[in-house]
Amino acid sequence: MRIEVCVDKRKPLPTGALEALSGELSKRIGKKFPDGEHSVQVRYASANSLTVLGGAKPDKDIIEEILQETWESADDWFSVEMPDS
């Protein structure tokens with residue numbers, strides 16, 4: 001499966017957030033679909049969207065749920081490193 005998450009570029013995220021989101025999504029999707037290969041790409045675009053290629057309709061629904069849970073739990077897995085003064 002190929003999963004692409006587009007984030008609205010008019011609402012930029014903190015530095016490193018796209019990479020962190022990609023990694024966390026990949027980890028969570030790998031737990032749910034351990035036997036399948038998948039790639040996750042997170043990027044800025046003109047609007048928020050989710051594209052799932054190579055999966056069945058129920059797979060997209062599951063990935064939507066995983067994305068929602070991941071987004072809502074960002075405080076648990078993402079932290080912004082502040083530079084030393």
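**Entry 1: contacts and overall build**

I began with the contacts: among those in the protein with a separation of 6 or more, 82% join residues 24 or more positions apart. A reminder to myself before going on: this is a predicted model. I then looked up the secondary structure and found three helices and three strands. Read from the N terminus, the order of the elements is β-α-β-β-α-α. The box filled by the C-alpha atoms, taken along the principal axes, comes to roughly 50 × 30 × 20 Å. Of the 85 residues in the protein, 29% are buried.

**Entry 2: the sheet**

In what order do the three strands of the sheet stand? I found an open sheet in the order 2-1-3, with mixed pairing. Strand 2 (39-45) and strand 3 are the edge strands, each pairing on one side only. On average, neighbouring strands here are turned by 15° against each other, direction ignored. I jotted down a general point too: strands of a sheet pair through backbone hydrogen bonds, and they do so either parallel or antiparallel.

Next I took the two pairings one by one. Strand 1 and strand 2 are parallel partners, joined over seven bridges. Strand 1 (residues 2-8) and strand 3 pair in the antiparallel sense, over five bridges.

Glu-4 was a handy residue to follow across the sheet. On one side Glu-4 stands opposite Gln-41 in strand 2, and Glu-4 also stands opposite Thr-51 in strand 3. For Val-5, I noted Val-42 as the bridge partner in strand 2.

**Entry 3: how covered are the strands?**

I checked burial next. Six of the seven residues of strand 1 are buried, so strand 1 is largely enclosed by the rest of the structure. Strand 3 (residues 49-53) has two faces to tell apart. Which residues of strand 3 make up the covered face, and which the uncovered one? Leu-50 and Val-52 form the covered face, while Ser-49, Thr-51 and Leu-53 form the uncovered one. That puts Thr-51, the residue opposite Glu-4, on the uncovered face of strand 3.

**Entry 4: helices on the sheet**

I then looked at what lies across the strands. Helix 1 lies across strand 1 and strand 2, and runs at about 150° to strand 2. Helix 2 lies across strand 1 and strand 3, and its angle to strand 3 is about 140°.

**Entry 5: helix 1 against helix 2**

At what angle do helix 1 and helix 2 pack? For helix 1 (residues 17-32) and helix 2 (residues 57-72) I have an angle of about 135°, with the axes 10 Å apart. The two helices are therefore oblique to each other. The crossing of helix 1 past helix 2 is right-handed.

I listed the residues that meet there. Helix 1 brings Leu-21, Glu-24, Leu-25, Arg-28, Ile-29 and Lys-32. From helix 2 come Ile-62, Ile-63, Ile-66, Leu-67, Glu-69, Thr-70 and Trp-71. Sorted by class, this contact of helix 1 with helix 2 has eight nonpolar, four charged and one polar residues.

**Entry 6: three residues up close**

I picked Ile-29 first, which sits in helix 1. Is Ile-29 buried or exposed? With a relative accessible area of 0%, Ile-29 is buried. Leaving aside neighbours within four places in sequence, I found Ile-29 in contact with Ile-3, His-38, Val-40, Ile-63 and Ile-66. Two of these names, Ile-63 and Ile-66, were already on my list for helix 2. I also took a distance from Ile-29 to Thr-15: the two are 14 residues apart in sequence and 23 Å apart in space, C-alpha to C-alpha.

Ser-22 came next, another residue in helix 1. Its relative accessibility is 17%, and because buried means under 20%, Ser-22 counts as buried. Beyond neighbours within four places in sequence, Ser-22 is in contact with Val-40 and Val-42. Val-42 is familiar from the sheet, as the strand 2 bridge partner of Val-5.

Last, I went to Gly-55, in the loop between strand 3 and helix 2. Gly-55 has 31% relative accessibility and so counts as partly exposed. How far is Gly-55 from Lys-32? I have 23 residues in sequence and 13 Å in space, C-alpha to C-alpha. Lys-32 itself is one of the helix 1 residues that meet helix 2.

Methods: Residues numbered from 1 in each chain as written. Predicted model: local features only at pLDDT ≥ 70, side-chain atom pairs only at ≥ 80, totals over all residues. Heavy atoms only, no water. Axes fitted to C-alpha atoms, helices over the stretch in contact; angles between N-to-C directions. Helix = DSSP H or I, 4+ residues; strand = E, 2+ residues; numbered from the N terminus. Parallel < 35°, antiparallel > 145°, perpendicular 65-115°, else oblique. Left-handed = near helix turned anticlockwise from the far one by under 90°. Contact = heavy atoms within 4.5 Å. Nonpolar A, V, L, I, M, F, W, Y, C, P; charged D, E, K, R; others polar. Buried < 20%, exposed > 50% of the residue type's maximum accessible area, 1.4 Å probe, protein only. Pairing = 2+ DSSP bridges.
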